[in-house]
Amino acid sequence: NASSTCGDPPSQYNPNNLVELERVTLETCNASDPLYAHPVQYVQDLFIETIEILGENYTSVRPNLATWWQSENGQSNVTLTLSLQDEFIFQSMQVLFKSKMPESMVIEASNARKESLAEDSWYPLQYYAQDCSLSFPDVPTEGSHDNQDPSIPYCDEVDQGLVVYNPSTVSSEYYSNEAVYRHFLLTDVRLVLLTPGDTTEGLDFF
């Protein structure tokens, strides 16, 4: 689920968020019109097709980039939460932004089955920012943390629209170290989108 979704009431936004244009054509997000709605279900909708290779049929599954979720304009601290309903070990996440890359965001996890965690308790897995020293001054940055312990979250500076987080590639102890393994054992994962990448009206969305 999402704490903010555009379209109710309908609102306008600038779809050309990564391009400087002299004339801007605004588009409308309208939750009541399927052609112009961007609901939270579009966060992980898939495009499935059958392709034939050398006479054999194969199923291809990939993200549907023609659709996307979008927040309301002018929001901050927006959360996107995925509840898995069971325990899973977190391995990787890819997030592609239709908007400009957020100025700052956090990937967080929770495990409803851990007795040591209070109910609705979240802990950080990874921080991202355009400038880590400004957004998260107390969080270690990439290169300054212990590379042998992927359970220690750090801040990674990114300014592109694609975020890839794969802690299993950081250390060979990801699966063999019980403490690390349990750190990534979760029932819920969420993105906390703290600050939009642009505060200009019509561009201030996630």
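These legends describe close-up views of a predicted model.

**View 1. Strand β7 is mostly covered.** β7 spans residues 104–110. Seven of its seven residues are buried. Both faces are covered. On one side lie S104, V106, E108 and S110. On the other side lie M105, I107 and A109.

**View 2. β7 pairs with β8 and with β11.** Strand β8 covers residues 123–129. β7 and β8 pair in the antiparallel sense, over six bridges. Within this pairing, E108 has P124 of β8 as its bridge partner. Strand β11 covers residues 185–195. β7 and β11 also run antiparallel, joined by seven bridges. Here M105 stands opposite L193 of β11.

**View 3. The largest nonpolar core holds 25 residues.** The residues with the most contacts inside this core are F90, I107, L125, Y128, L191 and L193. Six strands each supply at least two of its residues: β5 (78–89), β6 (93–96), β7, β8, β10 (162–165) and β11. β11 gives the most, with four residues. Nonpolar side chains tend to be buried together in soluble globular proteins.

**View 4. Another core lies apart from the largest one.** This core has eight residues. Among them are V106, A129, F136 and V139. V106 belongs to β7, on the side shared with S104, E108 and S110.

**View 5. Contacts of L125, a residue of the largest core.** Leaving out residues up to four places away in sequence, L125 touches F90, I107, E108, A109, P153, Y165, H183, F184 and L186. F90 and I107 are, like L125, among the residues with the most contacts inside the core. E108 and A109 are buried residues on opposite sides of β7.

**View 6. S151 sits in a loop.** The loop runs between α1 (132–135) and β9 (155–157). S151 has a relative accessible area of 18%, so this residue counts as buried. Beyond residues up to four places away in sequence, S151 touches H183 and F184. L125 touches H183 and F184 as well.

**View 7. H38 lies in the loop between β2 and β3.** β2 covers 27–29 and β3 covers 46–53. H38 counts as buried because its relative accessibility is 6%, under the 20% cut-off. Its side chain makes a polar contact with the side chain of Y13, at 3.5 Å. Neighbours within four places in sequence aside, H38 is in contact with T5, C6, Y13, C29, W68, W69 and Q70.

Notes
Residues are numbered from 1 along each chain as its sequence is written. This is a predicted model: local features need pLDDT of at least 70, side-chain atom pairs count only at pLDDT 80 or more; totals for chains, interfaces and linings use all residues. Side-chain values use heavy atoms; hydrogens and water are left out. Buried means under 20% relative accessible area, exposed over 50%, partly exposed in between (1.4 Å probe, protein chains only). Contact means heavy atoms within 4.5 Å. Two strands pair if DSSP finds at least two bridges between them. A nonpolar core is a set of buried Ala, Val, Leu, Ile, Met, Phe, Trp, Tyr and Cys residues joined through side-chain atoms within 4.5 Å. A polar contact is a pair of N or O atoms within 3.5 Å; within protein, one must be able to donate a hydrogen and the other to accept it, and residues adjacent in sequence count only if both atoms are side-chain atoms.
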